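Q: I am new to this structure. Could you show me how to read its features one at a time?

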Protein chains: 2
Amino acid sequence: MPPSRSTRSTGTDLELAILDEARRVLLESGYAALSTRRIASAVGCTATSIYLYYASKDALIHALIDEGFVELNRRVLGATEADGEPLERMRRAAMAYVDFAFERPQYYEIMFMLRADQMERYPAEAYRRARRPLELLAEMTGLSEEQALLRGTIAWTTLHGLVSLLIAQRIDVRFDRDALVRDTVHAACVGALAPLPGDASPELRKTSP
Amino acid sequence: MPPSRSTRSTGTDLELAILDEARRVLLESGYAALSTRRIASAVGCTATSIYLYYASKDALIHALIDEGFVELNRRVLGATEADGEPLERMRRAAMAYVDFAFERPQYYEIMFMLRADQMERYPAEAYRRARRPLELLAEMTGLSEEQALLRGTIAWTTLHGLVSLLIAQRIDVRFDRDALVRDTVHAACVGALAPLPGDASPELRKTSP
DNA sequence: CGTTTACAGTTTACGCTGTCAACCTAGTCC
DNA sequence: GGACTAGGTTGACAGCGTAAACTGTAAACG
């Protein structure tokens, strides 16, 4: 017998209740605390009922990952709207990226810091959308497409290295965190915009020795 | 009854056999496949016997992490031994770092990409040793201690971002991987050695506005 | 109206995980 | 010979993701 209506938050919409509870657990207790049984008991159904709406636990997490990318894209996009010098616009975009990571570390963790085998099944289509912030960074370099993507990727890896190590608490606590963030963001943007000093671009290197 | 001697590799030294098997599983099947029962059955004992030598599964993993740091330190240290220009020496050190990460991704994963709550218990003393490669990078900048540590950390975060995203297979496969690595390493080293262009150092910024 | 079908859950179960408490057993020492 | 100990074992607990079978309800159809 299904549970009486009063035991569930949204009445018939169990799927929404499951997603809401999953989000709540993620934000309050972190990814490690996410379990089908815990969600089910909080929502008032059994663990297997989750599989009526999500093919697997991963699929449920993918729904949360999607939410994260929506917010990240919104933030980075918003930061680049106001005009200004390329360096300044890029700096704002980069700061929007790291701000998101620090304000929503639980989202960032499932988006970028999860085991490879758990992300493998993340649909390729969604993956493309996931790279949108990177493409924004790349476009702002004003370079050729391939070159821009390379520079944007380097900047992105720098930002990701910074926020992932800070989220994982691997960085010396004696540091002035804000100064580290500011300087890293600055270095990433300058590095992405300026050509590598005294060196031809990687594509050209092949053809002109 | 303890198992007969022939079932175990090193005779009485069960602890060593457990560590050997754990390393073998890690390198062959990855961190996700590491389980006490799997190790135990391969070694020829019960899962609980592991707790005679390791306080927890985490403690066993910490032993593997220690091994990883020994090799990483050896590589980075070795790369900086031969003399040369500061930039060239730093480039070699950085390449040694990323080479280690790509040749031993399973080690790198448990060393730097593990959940925060699993590394929390990693002893602080070992943690200090873990930062040795970073300090090497910092020393090579030839800057003041605090400034050097900041620059070294920025370089390190860049390298970590690169290798962690590559290991997790989050980077566009269309890329020329070697070119990306080369340019990122170059950018990281140049950024660490050269002062942030047109800007005072972060410490000075406070005292000389 | 009665029957069928589909839906939306449940119960039960399997095999896996890390870990603890209690037990056993061979060897050593007094 | 009896006590002690080191080095294991067995059994259990609480939890995990998930697959299969079952059940009650409601709508659709002849």
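A: This is a predicted model. A place to begin is a pair of helices: α4(B) passes α9(B) in a right-handed crossing.

Q: At what angle do helix α4 of chain B and α9(B) pack, and how far apart are their axes?

A: Two packed helices are described by the angle between their axes and the distance between the axes. Here α4, residues 86–103 of chain B, packs with α9(B) at about 25 degrees, and the axes are 10 Å apart. Angles under 35 degrees count as roughly parallel, and α4(B) and α9(B) are therefore roughly parallel to each other.

Q: Which residues make the contact of α4(B) with α9(B)?

A: From α4(B) come B:A94, B:Y97, B:V98, B:A101 and B:F102, while α9(B) gives B:A155, B:L159, B:L162, B:V163 and B:I167. By class, this contact has ten nonpolar residues, no polar ones and no charged ones.

Q: How many residues of chain B are in contact with chain A?

A: The size of an interface is often given as the accessible area lost when the parts come together. For these chains a count of residues is available: 32 of chain B are in contact with 31 of chain A. On the chain B side, α6 (116–119), α9 (145–167) and α10 (177–193) each supply at least two residues. The largest share, eleven residues, comes from α9(B). The residues on that side of chain B divide into 17 nonpolar, ten polar and five charged.

Q: What does the secondary structure of chain A come to?

A: Chain A has eleven helices and zero strands. Of its 209 residues, 37% count as buried.

Technical notes
Residues are numbered from 1 along each chain as its sequence is written. Chains are lettered from A and ligands numbered from 1 in the order in which they are written. This is a predicted model: local features need pLDDT of at least 70, side-chain atom pairs count only at pLDDT 80 or more; totals for chains, interfaces and linings use all residues. Two residues are in contact if their C-beta atoms, placed from the backbone, lie within 7 Å. Helices (H or I, at least four residues) and strands (E, at least two) are DSSP runs, numbered from the N terminus. Ala, Val, Leu, Ile, Met, Phe, Trp, Tyr, Cys and Pro count as nonpolar, Asp, Glu, Lys and Arg as charged, and the others, Gly among them, as polar. Axes are lines fitted to C-alpha atoms, for helices over the stretch in contact, and angles run from 0 to 180 degrees between N-to-C directions. Angles under 35 degrees count as roughly parallel, over 145 as roughly antiparallel, 65 to 115 as roughly perpendicular and the rest as oblique. A crossing is left-handed if the near helix is turned anticlockwise from the far one by less than a right angle, and right-handed if clockwise. A residue is buried if 20 or more other C-beta atoms lie within 10 Å of its own, exposed if 12 or fewer, and partly exposed in between; C-beta atoms are placed from the backbone.
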